[in-house]
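Reader: I should like to request a close look at a single part of the structure shown below. Please treat that part first, and then place it in its surroundings.

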Amino acid sequence: MDNSKKEEAKELLKKMKDNFDLSLLEEWIKDNKLEFKHKEIIYRVRPLTMLEKEEINRLTSQEFGRLMIDKNILTEKMIIKNYKEKGLDLEELDSDMKKLENDKRSADLKLGEAIAKKVDEAVWKVYEEQINEIKEKLFLLSLEKSAYLSYSLESCLKNFSAKCISFMSLDKKTEENWGRVFQSMNDFNKCEDEELKEKAVYYSIMLNYGR
Amino acid sequence: MNIDLIRKLTKSIKFQNLYQATKEINGILLFKNSTDLTLLQEVFLSYLYFYNSLNAEIEINKINKKIFDNFIYEDAYMLWRREIGYDKESKDKKRDIHIAFHNKKMKFKEKEKCPQETSIIS
């Protein structure tokens, strides 16, 4: 991955973090309704209902069926094999990541022991730097891996499911009533307000992911 | 998910006090919903517990409060505590406990109910 892309990714992550308000988070955690203002309109992202979750499962399995018969879409395994034939070993990337994770764990344990045994704080700093360095390397490697596999069947399905969650959980306030902004995936795809869509994806995944 | 912000919120005095209060006083709720927690709320609760444990250890002077300077310190200590911890370190010391009782030295073996007289201290 070239340096400008790395910087871009870091910048995006920082932007997401900076835009998040602590007092808003406090409100959101209390009632699970993430309200936000965008272009003078009040929106919210809310937890999905049981029916909506079932609808997402139905849409996702439909999409899976569609992707499976599309000859242009390859699974992760197939992509890894193709890259290997062209001289790029993604499994090596995996083992590098595994090694870094082990290094991090070992540095974490040493730091933990230093804290427990009340060793001088200068020692804590040394481990902290080591851990930060490893974390950064791990972050970049995982970005690199995601970039190589971003067009795999698995990634397409994950993105599709994230979009489903987003379009279903985004509401708009009109006078005192809340109503869904997008009635279908098509509506969501057609919407040209990329910033709104980005916010909807980010917030709804935060709220609903894994449910 | 923005874990750093959740951590900042859960380690705040306000939420630590609130968490303590929910454990001691019936009827104080952290969330409007009491069931069907979202992932966000589950993570929030686990960090409340995490910081509650750290605060308890700082209170009894087991660790330095400087641990709160950095998430890395907090995570590393908690990992060490979970994976290795004080127990394992002190297990060997605990295996045989000798107590000087009157003029007799009593030896308590681990998991043994009755003490055995081993020697007499002159």
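Which residue is the bridge partner of Lys172(A) in β4(A)?

Author: The model discussed here is a predicted one. In β4(A), Lys172(A) has Gly179(A) as its bridge partner. Lys172(A) lies within strand β3, which covers residues 170–174 of chain A. The strands β3(A) and β4(A) run antiparallel and are joined by four bridges. Another of the pairs between them places Asp171(A) opposite Arg180(A) of β4(A).

The link between these two strands is a hairpin, with two residues between β3(A) and β4(A). Glu175(A) is in the turn, and its phi is positive, at about 50°.

Strand β3(A) also pairs with β2(A), which spans residues 41–45. That pairing is again antiparallel, and it extends over three bridges. Here Asp171(A) of β3(A) stands opposite Arg44(A). Asp171(A) is thus matched with Arg44(A) and, in β4(A), with Arg180(A).

Taken as a whole, the sheet is open and has four strands, in the order β1-β2-β3-β4 of chain A, with antiparallel pairing. Strands of a sheet pair through backbone hydrogen bonds, in a parallel or an antiparallel manner. The edge positions belong to β1(A), residues 34–38, and β4(A), residues 177–180; each has a single partner strand, so one side of each is left without a neighbour in the sheet. On average, neighbouring strands of this sheet are turned by 35° against each other, direction ignored.

The surroundings of the sheet may be taken up next, beginning with the division into domains. Chain A consists of domain 1, made of residues 1–73 and 151–211, and domain 2, made of residues 74–150. Nine residues of domain 1 are in contact with 10 residues of domain 2 in chain A. On the domain 1 side of this contact, the elements giving two or more residues are α1(A), residues 3–18, and α7(A), residues 153–169. The largest share of that side, three residues, is supplied by α7(A). By class, the domain 1 side comprises five nonpolar, two polar and two charged residues.

Helix α7(A) also has a helical partner, α3(A), which covers residues 50–69. Their axes come within 10 Å and cross at roughly 150°. The two helices are therefore roughly antiparallel, and α3(A) passes α7(A) in a right-handed crossing. From α3(A), the residues that meet α7(A) include Ile56(A), Leu59(A), Phe64(A) and Leu67(A). Those of α7(A) that meet α3(A) include Leu157(A), Phe160(A), Ile165(A) and Met168(A). In this contact there are 11 nonpolar, two polar and two charged residues.

Finally, chain A touches chain B. The contact takes 28 residues from chain A and 29 residues from chain B. The elements of chain A that give two or more residues to its side are α2 (22–31), α5 (90–116), α6 (121–148) and α9 (194–208). Of these, α5(A) provides the largest share, seven residues. The side of chain A that touches chain B has 14 nonpolar, four polar and 10 charged residues.

Conventions:
Residues numbered from 1 in each chain as written. Chains lettered and ligands numbered in written order. Predicted model: local features only at pLDDT ≥ 70, side-chain atom pairs only at ≥ 80, totals over all residues. Domains from an automatic or database assignment. Contact = placed C-beta atoms within 7 Å. Nonpolar A, V, L, I, M, F, W, Y, C, P; charged D, E, K, R; others polar. Axes fitted to C-alpha atoms, helices over the stretch in contact; angles between N-to-C directions. Parallel < 35°, antiparallel > 145°, perpendicular 65-115°, else oblique. Left-handed = near helix turned anticlockwise from the far one by under 90°. Pairing = 2+ DSSP bridges.
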